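Subject: Structure handover

Hello,

Here is the structure for you to take over. Please open it first, then read the notes underneath.

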Amino acid sequence: ACWALSNILAGTRSQIQQVIESGVAPHLIELIKTDAYSEVRKEAAWCFGNAITGGGSSDVQVEYLVDQGCVEAMLDFLQMRLRVEERWQIMALEMFQSLLERDAVRCSEGRPRYIEEVRKYGGQEVMKGLSTSPHDSVKASALR
């Protein structure tokens, strides 16, 4: 089910909105934080990666996902780096990069938010840990 949702969340604003309106975001966050089966956890994380980096999401939709707790959940996901393959780490790091790029626009309007969420949940320490990854692509993404 998470795999199907991640494909929908890579779609248009309308498709993303339909998933949001279904109320599934809190359930995906719970799966990321608590599911013992790592493949389900990874697919749930991919949902947020697609929704935020896919290009179809609006600022309001991203704000909603952040309000639901996706920053904390995705940082928890990245802290499992020894059990998460390189491509999954890259996906999560790209999501954070997208959030910070959106925040750069918000800063110019005097209302940064996402960087504070990342800091609040220990994102700097997570990125520091990933900067020592044996995978060059992960290391480079974490240092951005």
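In what order do the elements of the chain run from the N terminus on? The run is α-α-α-α-α-α-α-α-α-α. That gives 10 helices and 0 strands. Please keep in mind that this is a predicted model.

**Overall build**

The radius of gyration of the chain is 14 Å. The globule rule gives 15 Å for 144 residues, so the chain is as compact as a globular protein of that length. Along its principal axes, the C-alpha trace spans about 40 × 40 × 25 Å. Of the 144 residues, 49% are buried.

**Salt bridges**

How many salt bridges does the structure hold? There are 9. Three of them are described here pair by pair.

Start with K33 and E72. Their side chains meet in a salt bridge, with 3.3 Å from N to O. The pair links distant parts of the chain. K33 sits in helix α3, residues 25–34. E72 sits in helix α6, residues 70–78. They are 39 residues apart. Both ends are partly exposed: K33 has 31% relative accessibility, and E72 has 26%.

Next comes R102 with D59. The closest N and O atoms of this salt bridge are 2.7 Å apart. Again, distant parts of the chain are linked. R102 belongs to helix α7, and D59 belongs to helix α5, residues 59–68. The separation is 43 residues. Here the two ends fall in separate classes. R102 counts as buried because its relative accessibility is 17%, under the 20% cut-off. D59 counts as exposed because its relative accessibility is 52%, over the 50% cut-off.

The third pair is R113 and E63. Their closest N and O atoms are 2.4 Å apart. R113 lies in the loop between α7 and α8. E63 lies in helix α5. The two are 50 residues apart, so this pair too links distant parts of the chain. R113 is buried, at 18% relative accessible area.

Helix α5 therefore takes part in two of these links, through D59 and through E63.

There is also a network. Salt bridges link E39, K42, E85 and R87 in it.

**Cysteines**

How many disulfides does the count come to? It comes to 0. C2 is in no disulfide, and the nearest cysteine sulfur, that of C47, is 5.2 Å away. A disulfide needs the two sulfurs within 2.5 Å. C2 is buried, with a relative accessible area of 10%.

Why does C70 form no bond with C47? The sulfur of C47 is the closest cysteine sulfur to that of C70, but at 12 Å it is too far for a bond. C70 is also buried, at 0% relative accessibility.

**The largest pocket**

The space in the largest pocket is about 190 Å³. Which helices each supply at least two residues of its lining? They are α7 (86–108), α8 (114–120), α9 (123–130) and α10 (136–143). The largest share comes from α7, with 4 residues. The lining residues are L93, F96, Q97, L100, I115, V118, G123, Q124, M127, S141, A142 and R144. By class, they divide into 7 nonpolar, 4 polar and 1 charged.

Helix α7 thus appears twice in these notes: it holds R102 of the salt bridge with D59, and it supplies part of the pocket lining.

**The cavity**

The count comes to 1 cavity of 30 Å³ or more. About 50 Å³ of space lies in it. What surrounds that space? The lining is made up of L9, V19, I20, V24, A25, L28, F48, A51 and L65. Helices α2 (13–21), α3 and α4 (38–53) each give at least two of these residues. The lining has 9 nonpolar residues, with no polar and no charged ones. The lining of the largest pocket, by comparison, includes 4 polar residues and 1 charged residue.

Helix α3 also turns up in two places. It gives residues to the cavity lining, and it carries K33, which pairs with E72 in α6.

Over to you.

Best wishes

Methods. Residues are numbered from 1 along each chain as its sequence is written. This is a predicted model: local features need pLDDT of at least 70, side-chain atom pairs count only at pLDDT 80 or more; totals for chains, interfaces and linings use all residues. Side-chain values use heavy atoms; hydrogens and water are left out. Buried means under 20% relative accessible area, exposed over 50%, partly exposed in between (1.4 Å probe, protein chains only). On a 1 Å grid over the protein atoms alone, a cavity is a set of points where a 1.4 Å probe fits but cannot get out, and a pocket is an open set with protein on both sides within 12 Å along at least five of seven lines; lining residues have an atom within 4 Å of a point. Grid points are joined across faces, edges and corners, and a volume is the space filled by probe spheres set on the points. Ala, Val, Leu, Ile, Met, Phe, Trp, Tyr, Cys and Pro count as nonpolar, Asp, Glu, Lys and Arg as charged, and the others, Gly among them, as polar. A salt bridge is a side-chain nitrogen of Lys or Arg within 4 Å of a carboxyl oxygen of Asp or Glu. The radius of gyration is taken over C-alpha atoms; the globule rule is 2.2 Å times the number of residues to the power 0.38.
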